[in-house]
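Here is a short briefing on a predicted model. Look over the sequence and the structure before reading the points below.

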Amino acid sequence: MLLGRVVGTLVASRKEPSLEGLKFLVLKQTDLEGKETGGYLVAADAVGAGMGEVVLYATGSSARQTEATDKRPCDGVIMAIVDTLEVDGAVKYDKARDG
Amino acid sequence: MLLGRVVGTLVASRKEPSLEGLKFLVLKQTDLEGKETGGYLVAADAVGAGMGEVVLYATGSSARQTEATDKRPCDGVIMAIVDTLEVDGAVKYDKARDG
Amino acid sequence: MLLGRVVGTLVASRKEPSLEGLKFLVLKQTDLEGKETGGYLVAADAVGAGMGEVVLYATGSSARQTEATDKRPCDGVIMAIVDTLEVDGAVKYDKARDG
Amino acid sequence: MLLGRVVGTLVASRKEPSLEGLKFLVLKQTDLEGKETGGYLVAADAVGAGMGEVVLYATGSSARQTEATDKRPCDGVIMAIVDTLEVDGAVKYDKARDG
Amino acid sequence: MLLGRVVGTLVASRKEPSLEGLKFLVLKQTDLEGKETGGYLVAADAVGAGMGEVVLYATGSSARQTEATDKRPCDGVIMAIVDTLEVDGAVKYDKARDG
């Protein structure tokens, strides 16, 4: 899984019928320091993530292993909202402190 | 999922039989500002996308989760046509305005 | 799917038994202008492609969705031979003209 | 599979329910000389890896082929802790010597 | 599939139990001229490859389509040992001549 920050939303009325009701969020990918790496992803939201939150996302077939995305043409899903990220002994992100 | 703009079509008469009837569209990948990133994709069309439209596409096994692509050797599918894309509080794309 | 040009062949007598009889072709990846991008792929041939032909290939699990590759350790397959490629209103490739 | 070094942990209380109990470790990817390549991964831990250990990880659907990750939206798993790595006749890493 | 040269071995005693007995080989990726491209892979060996041999490997779910790797958390497998590679009419590699 990789880290991203929720920066936006995407609305699509004409779509594969099985996607009806799925919420699409726009993520900017971040590194372990929280800096944007230049990449983005439009992901289905399985956990009720909000704007600005730091999240963990899965891609590929693993993105379909949630009730919301099962058997749907969806290759990216937000599957967790990050509370804390600790790297090399330092707290790089703490939702209560930085969120 | 990633964003692309429909820029062309591909015709192939000699192909795996299961692909008969599938429409192949050529996409140029775009970033969140709508700028082309240099990449392209030939994708199956599951939603009736038209030339110039901004679409969302899925790749890998997720590209086979539509009626049109199920069990076919297809690793890219257009699964939604974008209406609006909002990033960092700004409407980056609005089909009614920019489409 | 992406575009490639068939440039060679690969022969392997010692291989996973299920691959017996599968033909491996060497592809150079090309962009929408037909220029080589520097990448290559060894792909199974599901459509009887010939040297120099411009083809469409699928990768990952989608490469196993043909009779020739089903349940085999094969992650790339040629699934179509391109007749015409039209981009931004111009015919970039026409097999009858350029093939 | 690729090599990585365990450098941290990630905690997420709001997540897809099926991920409950899964431990997320932060890996920095390394090359065959043990140097960091700049990439990272958040992976599920299937083997009880500890901080600083050199591990082998699998991605994609293969990351779900462990009891801990089966049918979960997880696309990266630590599936082995490296004892020794020998390349071109030289022992590049020996857990007993370098671990 | 892509080409690689077997350059080493990896030993791991603590691992996912299903991997018991699987041999891990270290590959350096090569281009069509046999030059190393800078990438590496640790792959399961399904064909009894030896040090220095030029091999073909598959990744992703396709790497699990061998008896040795079925249902195991393994995302790379050596599935063939190359005898000859011919590109643009020239024999780039011949095991009997160059192996």
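Chain A contains one helix and eight strands. Along the sequence, the eight strands come before the helix, in the pattern β-β-β-β-β-β-β-β-α. The points below start with this chain and then turn to the interface of chain E and chain D.

**Chain A: overall form**

- Chain A has a radius of gyration of 14 Å, and the globule rule gives 13 Å for 99 residues, so the chain is as compact as a globular protein of that length.
- A box of roughly 45 × 25 × 20 Å, taken along the principal axes, holds the C-alpha atoms of chain A.

**Chains that do not touch**

- Chain A and chain C share no contact. Their closest C-alpha atoms are 10 Å apart.
- Chain A has no contact with chain E either. Here, too, the closest C-alpha atoms lie 10 Å apart.

**Chain E and chain D: the interface**

- How many residues of chain E are in contact with chain D? There are 28, and they meet 31 residues of chain D.
- The two chains bury about 2,300 Å² between them. Carbon and sulfur atoms account for 52% of that area.
- On the chain E side, E:R14, E:Y40 and E:D75 lose the most area to chain D. Together they make up 29% of what that side buries.

**Polar and charged links**

- The rule finds two salt bridges across the interface of chain E and chain D.
- One salt bridge joins D:E53 to E:R14. Their closest N and O atoms are 3.8 Å apart, inside the 4 Å cut-off for a salt bridge.
- Across this interface, 17 residue pairs are in polar contact, with both residues at pLDDT 80 or more.

**What chain E brings to the interface**

- Four strands of chain E each supply at least two residues of the side that touches chain D. They are β1 (2-11), β2 (14-15), β3 (24-30) and β4 (36-45).
- By class, this side of chain E has 14 nonpolar, six polar and eight charged residues.

**Strand pairing between the chains**

- Which strand of chain D pairs with β2(E)? It is β6, residues 76-81. The two strands run in the antiparallel sense and pair over two bridges.
- Within β2(E), E:R14 is the bridge partner of D:I81.
- E:R14 therefore appears in several roles: it is among the residues of chain E that lose the most area to chain D, it forms a salt bridge with D:E53, and it is the bridge partner of D:I81.

Key
Residues numbered from 1 in each chain as written. Chains lettered and ligands numbered in written order. Predicted model: local features only at pLDDT ≥ 70, side-chain atom pairs only at ≥ 80, totals over all residues. Heavy atoms only, no water. Contact = heavy atoms within 4.5 Å. Buried area = accessible area lost by both parts, 1.4 Å probe. Salt bridge = Lys/Arg side-chain N within 4 Å of Asp/Glu carboxyl O. Polar contact = N/O pair within 3.5 Å; in protein donor to acceptor, adjacent residues only side chain to side chain. Nonpolar A, V, L, I, M, F, W, Y, C, P; charged D, E, K, R; others polar. Pairing = 2+ DSSP bridges. Rg over C-alpha atoms; globule rule 2.2 N^0.38 Å.
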